[in-house]
Amino acid sequence: MAYDVCVYGTMCLDRIRKVDQLPPLGGYVEVVEERWMPGGEALNTAIALATWDVHVALVPNALGEDEPAEHLLRMLKAYPSLDLRFLRLRKDVQTPTCDVYVTPDGHRTMFGSGFAQMSAEQVPDEALRQAKAFTADANPGEASVRACEQAARAGVPVVAMDLHDSERASRVASILLTSYEWVGRDDSIEYLKRVAAQYRERYGCTVVLTAGAKGCVLAEREHQDVVHIPAYRAPSVVDTTGSGDVFRAGLIYGRYVLGRDLEWAIRFGSAAAALNAGAMGACAGVRPVEEIERFMQAQKVEGEAQ
């Protein structure tokens, strides 16, 4: 069986809790609203791609034979193009869960359980056969690095997310994607341009560094310049959980599924992430392709670098 994209990494169950504010130490706040939602970097990206009718092979950490796993798998029946045949259920594993507290500004604070003992699975060759792209997040550690190397050997373009500290993963990556938060926490565009150019020179890959509402910088392997691509303004911000994962999905969809140029793919990812922020849950606001493209045509991007 052939897949469009193979997504490797983290899968969990999120409990999203909306609060008016975070309590002080020892304090109390009322939970305004609570929802159980799919979560984890890999699953969020996979769900966004599946929403756009991309045939996705998900290779995640194992889940436990427990109630959280049953709840999660019931929710995933809504995505028929998301293939879960490579998911393992194990009696000796606890399904990872994450409590996500969301404040009115859309920011989130997370408390996790079951992640420290999270399993790291091997990528079956079948998941890579004829795939247009492979992507992995950094949570599985060395296993993600090996998975990137395996995909590269199979001739599949690799989008490595937050793996910039791994020379091995970065050198086989087609695109190295990470947030400013992991490369110094300075979101100024000029700083990120310098860092992106340094990573490109060191590893020989295309580099995308994101900076939230300021957009991202793109250092393409084939070009000398490093460009700033502003972000789209979210129509409403309810929950920013999963924004980076949906951005990654949009980039992969535009570049490797549709075959568009990288700048268009990045803008599509930015628009998808902006719309996704309007719903509660990491990928609850992923919109159909046609709606995202209309939004791109109708909306102006945020201002230039500050």
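This is a guided tour of a predicted model, stop by stop, with a selection to make at each one.

**Stop 1: the four-stranded sheet**

Select strands 2, 3, 8 and 9. They form an open sheet in the order 3-2-8-9, and the pairing is mixed. Colour the edges next: strand 3 (31-39) and strand 9 (108-113) each pair on one side only. Look along the sheet, and the twist from one strand to the next averages 20°.

Now zoom in on strand 8 (residues 97-102) and strand 9. The two run antiparallel and are joined by six bridges. Pick Asp-99, and Phe-111 in strand 9 stands opposite.

Add the helices that pack on this sheet. Helix 1 (residues 41-51) touches strand 2 (12-19) and strand 3. The direction of helix 1 makes about 80° with that of strand 3. Helix 2 (residues 67-76) packs on the sheet as well, touching strand 2, strand 3 and strand 8. Its angle to the direction of strand 3 is about 75°.

**Stop 2: the loop after helix 1**

Move to Asp-53. This residue is in the loop between helix 1 and strand 4 (56-60). Check its backbone: phi is near 65°, a positive value in a residue other than glycine. Most residues other than glycine have a negative phi. Is Asp-53 buried or exposed? Asp-53 counts as exposed, because its relative accessibility of 66% is over the 50% mark.

**Stop 3: the largest nonpolar core**

Show side chains for Leu-49, Trp-52, Leu-82 and Val-208. Of the 52 residues in the largest nonpolar core, these four touch the most other members. Nonpolar side chains tend to be buried together in soluble globular proteins. Which element gives this core its largest share? Helix 8 does, with nine residues.

Centre on Leu-82 and show its contacts. Beyond its neighbours within four places in sequence, Leu-82 is in contact with Leu-43, Ala-46, Ile-47, Ala-50, Val-56, Leu-58 and Leu-76. Then select Val-123, Ala-136, Val-156 and Val-226. They are among the 39 residues of another core, which lies apart from the largest one.

**Stop 4: rings in helix 6**

Display the aromatic side chains. The model has nine aromatic pairs. Start with Tyr-199 and Tyr-203, a stacked pair with centres 6.0 Å apart and 15° between the planes. Why are they about one helical turn apart? The reason is their spacing in sequence: they sit four residues apart in helix 6 (residues 189-203), so about one turn separates them. Tyr-199 is buried, at a relative accessible area of 10%. Tyr-203 is buried too, at 8%.

**Stop 5: rings in helix 8**

Go to Trp-264 and Phe-268. Their ring centres lie 5.4 Å apart with the planes at 20°, so this pair is stacked. Both residues are in helix 8 (residues 262-276), four residues apart, about one turn of the helix. Trp-264 has a relative accessible area of 15%, which means it is buried. Phe-268 counts as buried at 0% relative accessibility.

Widen the selection to Trp-52 and Tyr-253. Ring pairs link these two with Trp-264 and Phe-268 into a cluster.

Add the arginines. Arg-260 lies over the face of Trp-264, at 4.1 Å from the ring centre. At Tyr-256, the charged end of Arg-255 sits over the ring, 5.8 Å from its centre.

**Stop 6: strands 10 and 11**

Select strand 10 (residues 133-136) and strand 11. They pair in the parallel sense over three bridges. Pick Phe-134, whose bridge partner in strand 11 is Val-158.

Turn on the side chains of strand 11 (residues 158-161). Val-158 and Ala-160 point one way, while Val-159 and Met-161 point the other way. All of them are buried. In a regular strand the side chains alternate between the two faces of the sheet.

**Stop 7: the loop after strand 11**

End at Asp-162, in the loop between strand 11 and helix 5 (167-172). Phi of Asp-162 is positive, about 60°, although the residue is not a glycine. How does its exposure come out, and what is the relative accessible area? Asp-162 is partly exposed, at 22%.

Notes: Residues numbered from 1 in each chain as written. Predicted model: local features only at pLDDT ≥ 70, side-chain atom pairs only at ≥ 80, totals over all residues. Heavy atoms only, no water. Pairing = 2+ DSSP bridges. Axes fitted to C-alpha atoms, helices over the stretch in contact; angles between N-to-C directions. Contact = heavy atoms within 4.5 Å. Phe/Tyr/Trp six-rings, centres within 6.5 Å; stacked < 30°, edge-to-face > 60°. Buried < 20%, exposed > 50% of the residue type's maximum accessible area, 1.4 Å probe, protein only. Lys NZ or Arg CZ within 6 Å of the ring centre and 35° of its normal. Core = buried A, V, L, I, M, F, W, Y, C linked by side-chain atoms within 4.5 Å.
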